[in-house]
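Here is a walk through one structure, going sheet by sheet and then out to the loops. Have the model open while you read.

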Amino acid sequence: MIGIVGGGIAGLAAARRLQAHGEDVRVFEASDALGGLAATYETAGDPIEKYYHHLSASEETIVDLIDDLGLSDDLDWPIGKNAYYMDGTVHPLDKPWEILAYPHLSLYDTFRLAMLTLEVDVRGGIPSFDTYENLEDFEDVPIKEFLLEYTTRGVYENFFEPLLNAKFGSRKEDVSAAWLLGRVKFRGERDLLRGEPLGYLDGGFGQLLDRLVADVGRENITTNARVTNVGFADGAATSLSVDVEGETETHDVDDVVVAAMPNVLEALTGYECDIEFQGTVCSVISMDESLTDTYWLNIGDDAPFGALIEHTNFIPQSNYGGEHLLYVPKYIQSPEEAVWQMDDDEVEELWLSGIEDLFPAFDRESVNWIRTARNPRTAPVYERGYLDMVVPYDLSDEVADGVYYAGMASRAQYPERSLNGGIVAGYECADLIVETQ
């Protein structure tokens, strides 16, 4: 039997892939719910994810899985409208003329930003189309230093710096230029007249989890099952000790896939990962009316959050019983930060007050409900030297034969953590196990 530690999308994808090769698998999930960061809330209509999700056209693995599971007819690609809130004004930034009209960048700033997004290096006046080909060349380059050299100070200060503040907070100076270039490559192609199509499953990504669970077989998945120990003999993993609601079970295994955060891997095997992670406090606010006409609104002005993501400007509110749904997220670099210390009522008041400051016409009486999720490890800090710290899929040299890793510290979750990256990591581990049989 192959034991899989973690019932998120990576663990479920690994289990399904292994079963396709005739392997016997068992998934152990420590919590009472499957799906990890893709878990959902109920609404007046379709469920909605606790943390915002959408797909880029470059994420081919998850699109293929959706097709394999018979859900391709439910995969839509609406335009996710983007804008920047700066100096009290919402500036749309999807169409070329909107970008040209953005008053906080000069025409030359806009040109240099456009060339970066097209992956063209125009330093010295001679365009180069292969400067950014190898991300590893920029792994040790600070992101600020890179942007000042490859774009302009105006681009850095009036476009990227507020985004970096929102994304990485006090850690922004540690971030690698390779991360930014990887993000540029990660995004899909834009429709020049409308903006960027983004993928979303009609009915929510909970459908994908439900189909995966059904395919793997609920009888092969145990929730409320915390793996407490991996047993080794003769340099190989041989067993798992599992606490199931206070009772300890021992399962013989041929291989183990740890599809969880690296702190779980370290607790079970002693393997230490140096990657640091951010936490997130993320609320979903249900409203009777829309706040803006934008899906993703980056906030450049002073506010307690870095973005407002109005899901029902992306997916129709009719899918949610007429509710207008708004995500309000805040990345946390330390548990000492004030927002992390707040209880849900305090967080809600902070968000609503912040929205009122930005949008004086906002009426909090229009709010139906607010639900807040917290997780201390939702995304890595993509600091310089990050790729040297990723955990290998096959840990036979580092730990023991038969130990594999498919969690968020894997190579598949670079340059951005995603559902697609989780599936890729699960597949990579499953394929390596099959190759060694």
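## Two sheets, two cores

Start with one pair of residues: Tyr-85 sits opposite Ile-299 in E15. Keep in mind that this is a predicted model. The two strands behind that pair, E6 and E15, run parallel and are joined over four bridges.

Zooming out, E6 and E15 belong to an open sheet of seven strands, ordered E7-E6-E15-E16-E17-E14-E18, with mixed pairing. Its edges are strand E7 (89-92) and strand E18 (367-380), each of which pairs on one side only. From one strand to the next, the twist averages 20°.

On its other side, E15 meets E16 in the antiparallel sense, over three bridges. Here Asn-298 has Ala-307 in E16 as its bridge partner. One step further along, strand E16 (residues 307-310) pairs with strand E17 (residues 324-332), again antiparallel, this time over two bridges. Glu-310 finds its bridge partner in E17 at Leu-326.

The strand pairs discussed in this report, from both sheets, line up like this:

| Strand pair | Sense | Bridges | Residues facing each other |
|---|---|---|---|
| E6 and E15 | parallel | four bridges | Tyr-85 and Ile-299 |
| E15 and E16 | antiparallel | three bridges | Asn-298 and Ala-307 |
| E16 and E17 | antiparallel | two bridges | Glu-310 and Leu-326 |
| E1 and E2 | parallel | four bridges | Val-5 and Phe-28 |

Which residues of E15 are buried on each side? Trp-296 and Asn-298 are buried on one side, Leu-297 and Ile-299 on the other, so that both faces of the strand are covered. That fits the usual pattern: in a regular strand, side chains alternate between the two faces of the sheet.

There's also a helix to place against this sheet. Helix H6 (residues 153-168) lies across strand E6 (82-86), strand E14 (277-287), strand E15 (296-299), E17 and E18. Relative to E6, H6 runs at about 95°.

Now the other sheet. Five strands make an open sheet in the order E9-E2-E1-E13-E19, and the pairing is parallel. Strand E9 (221-222) and strand E19 (403-405) take the edges; each has a single partner strand, so one side of each is left without a neighbour in the sheet. Further in, strand E1 (residues 2-5) and strand E2 (residues 25-28) pair in the parallel sense over four bridges.

Val-5 is a handy landmark here. This residue is part of strand E1 and stands opposite Phe-28 in E2. Is Val-5 buried or exposed? With a relative accessible area of 6%, Val-5 counts as buried, because the cut-off for buried is under 20%. Leaving aside neighbours within four places in sequence, the contacts of Val-5 include Phe-28, Val-227, Val-256, Val-257, Val-258 and Leu-268. Val-227 is 222 residues away along the chain, yet the two C-alpha atoms are separated by 6.9 Å.

Helix H12 lies across E1, strand E13 (255-258) and E19, and runs at about 155° to E19. H12 also packs with another helix. The axes of helix H1 (residues 9-20) and helix H12 (residues 419-436) come within 7 Å and cross at roughly 35°, and the crossing is right-handed. Among the residues making this contact are Ile-9, Ala-13 and Leu-18 of H1, together with Gly-422, Tyr-427 and Val-434 of H12. By class, the contact has eleven nonpolar, two polar and three charged residues.

As for cores, the largest nonpolar one has 62 residues, and those with the most contacts inside it are Ile-4, Ile-66, Leu-208 and Val-257. Not counting residues up to four places away in sequence, Leu-208 touches Ile-9, Ile-62, Leu-65, Ile-66, Leu-69, Leu-71 and Leu-201. A separate core has 61 residues, including Phe-160, Val-227, Ile-275 and Tyr-414.

Tyr-414 leads on to some backbone oddities. Most residues other than glycine have a negative phi, and most peptide bonds are trans. The bond from Tyr-414 to Pro-415, however, is cis, with omega near 15°; Pro-415 sits in the loop between E19 and H12.

Two glutamates go against the phi trend. Glu-119, in the loop between helix H4 (107-117) and helix H5 (143-150), has a positive phi of about 65°. Its relative accessibility is 24%, so Glu-119 counts as partly exposed. Glu-245, in the loop between strand E11 (236-244) and strand E12 (247-252), has a positive phi of about 50°. At 63% relative accessibility, Glu-245 counts as exposed.

How values were computed:
Residues numbered from 1 in each chain as written. Predicted model: local features only at pLDDT ≥ 70, side-chain atom pairs only at ≥ 80, totals over all residues. Heavy atoms only, no water. Pairing = 2+ DSSP bridges. Axes fitted to C-alpha atoms, helices over the stretch in contact; angles between N-to-C directions. Contact = heavy atoms within 4.5 Å. Left-handed = near helix turned anticlockwise from the far one by under 90°. Nonpolar A, V, L, I, M, F, W, Y, C, P; charged D, E, K, R; others polar. Core = buried A, V, L, I, M, F, W, Y, C linked by side-chain atoms within 4.5 Å. Buried < 20%, exposed > 50% of the residue type's maximum accessible area, 1.4 Å probe, protein only.
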